[in-house]
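Work through these exercises with the sequence and the 3D view side by side. Try each task before you read its solution.

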Amino acid sequence: MISGSAILGMANAAFAVDPAQLRESAKEHFEVIPSMVPAIEGNAVTREKVDLGKKLFFDPRLSASAIISCNTCHNLGMGGDDNLETSIGHGWQKGPRNAPTVLNAVFNEAQFWDGRAEDLKAQAKGPVQAGVEMASTPERVVTVLNSMPEYVAQFNAAFPGQDDAVTFDNMAMAIEAFEATLITPASRFDQFLEGNDTILTETEMAGLELFIDTGCASCHNGVNVGGTGYYPFGVVEQPGSEILPPDDKGRFAVTQTATDDYVFRAGPLRNIALTAPYFHSGKVWNLEQAVAIMSSSQLGTELNDTEIHAITAFLETLTGEMPRVEYPILPVSSPTTPKPAAMVVN
């Protein structure tokens with residue numbers, strides 16, 4: 001196969017990439033996002049559970065202040081994140097890391113940048129209890145939900161046969177079921193993988209070939225073009241402190257293993273064009289700049305501007321069809337619903 005650099009160099013000579021050959025190479029690294037909701041082990045994705053989970057995802061009363069919901073930091077109208085360097089939580093506190101997109105998160109090996117949550121159920125419990133995020137407790141959440149008869153009825157329908165269906169664990173399972181529906185199939189890249197020879201431009205195909213040949217696909221692969229495996233940020237050369245904060249050592253905080261210093265889960269690249277700023281620090285707002293940083297830090301390669309442009313063009317083909325989510329009408333609070341806590345941080 002001719003290298004991506006050679007393809008770009010011959011572009012003016014009307015050189016055409018062989019789509020079939022490139023497709024076969026791409027299929028060794030990537031998979032198409034399915035059009036059907038994936039199954040979740042131990043958590044059947046039922047209509048009742050999804051409907052409940054959608055309300056919980058949008059309900060700010062799960063937070064102590066009754067202001068912050070899951071959608072606050074994972075805005076489904078903005079690519080599944082908040083487009084901020086780091087999220088703003090309880091008491092206007094600034095979180096430590098950039099919020100990852102919730103779109104296609106069901107395909108990730110683990111959740112959070114350091115992989116500390118094994119699945120979406122575990123992830124859903126974290127922000128609710130984090131003092132810098134929603135600042136609530138499992139006990140408060142259950143009290144809030146039990147105070148509204150409509151929620152009690154929905155929990156009983158979603159988790160039939162349980163003596164007490166309104167639990168913190170069931171809350172997380174319902175949110176997990178809803179988040180499993182937030183997939184973005186039918187991107188132009190997926191259509192290319194499925195056999196459409198004309199859906200990508202020559203520049204985009206050259207970028208795909210470069211993405212494979214330079215080694216990007218060794219970390220960013222699979223159905224989510226990333227989201228699996230843990231790698232040092234700076235395999236070849238660590239970026240500066242303005243991009244890699246020295247006090248955030250990544251997965252080390254989870255494993256307490258010295259070799260996990262500055263190790264992070266490979267970021268999923270689906271819909272990456274929608275989710276600036278980039279990296280766990282959220283310090284890079286331009287996708288081409290992010291590509292350049294990754295090429296030097298992770299690959300030890302200084303790509304030229306044409307090559308960076310081509311890879312960026314390929315990454316933009318990863319934007320799929322957004323899930324259509326109708327904003328839910330939430331249950332009405334009752335006189336026993338806990339009042340919002342003051343957003344005061346000592």
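**Exercise 1. Locate Pro277 and describe the peptide bond before it.**

Step 1. Pro277 sits in the loop between S2 and H12. Helices (H or I, at least four residues) and strands (E, at least two) are DSSP runs, numbered from the N terminus.

Step 2. Ala276 and Pro277 are joined by a cis peptide bond, with omega about 5 degrees.

Step 3. Compare this with the general rule: most residues other than glycine have a negative phi, and most peptide bonds are trans.

A note on the model before you go on. This is a predicted model, in which local features need pLDDT of at least 70 and side-chain atom pairs count only at pLDDT 80 or more, while totals for chains, interfaces and linings use all residues. Residues are numbered from 1 along each chain as its sequence is written, and side-chain values use heavy atoms, with hydrogens and water left out.

**Exercise 2. Describe phi and exposure for Ala186 and Gln256.**

Step 1. Ala186 is in the loop between H8 and helix H9 (188-193). Its phi is near 65 degrees, a positive value in a residue other than glycine.

Step 2. Gln256 is in the loop between H11 and S2. Gln256 is not a glycine either, yet its phi is positive, about 55 degrees.

Step 3. Now use the cut-offs: buried means under 20% relative accessible area, exposed over 50%, partly exposed in between (1.4 Å probe, protein chains only). Ala186 has 31% relative accessibility, so it counts as partly exposed. Gln256 has 55%, so it counts as exposed.

**Exercise 3. Describe the surroundings of Asn271.**

Step 1. Find Asn271 in the loop between S2 and H12.

Step 2. Its relative accessible area is 1%, so Asn271 is buried.

Step 3. List its contacts (heavy atoms within 4.5 Å). Leaving out residues up to four places away in sequence, Asn271 touches Leu103, Asn104, Thr184, Leu318, Thr319, Gly320 and Met322.

Step 4. The side chains of Asn271 and Thr184 make a polar contact of 3.0 Å. Such a contact is a pair of N or O atoms within 3.5 Å; within protein, one must be able to donate a hydrogen and the other to accept it, and residues adjacent in sequence count only if both atoms are side-chain atoms.

**Exercise 4. Where do the buried residues of H6 lie around its axis?**

Step 1. Helix H6 spans residues 138-146, and its buried residues are Val141, Val144 and Leu145.

Step 2. These residues cover an arc of only 95 degrees around the axis, so they lie on the same side of H6. The arc is that of the directions from the helix axis to the C-beta atoms.

Step 3. Recall the geometry: an α-helix has 3.6 residues a turn, so residues three or four places apart point the same way.

Step 4. The packing partners of these buried residues are helix H3 (47-58), helix H5 (120-129), helix H7 (149-158) and helix H8 (168-179).

**Exercise 5. Describe the place and contacts of Asp260.**

Step 1. Asp260 is in the loop between helix H11 (252-255) and S2.

Step 2. Its relative accessibility is 16%, so Asp260 counts as buried.

Step 3. Asp260 touches Lys249, Arg251, Phe252 and Thr255, not counting residues up to four places away in sequence.

Step 4. Asp260 and Pro232 are 28 residues apart in sequence, and their C-alpha atoms are 7.4 Å apart in space.
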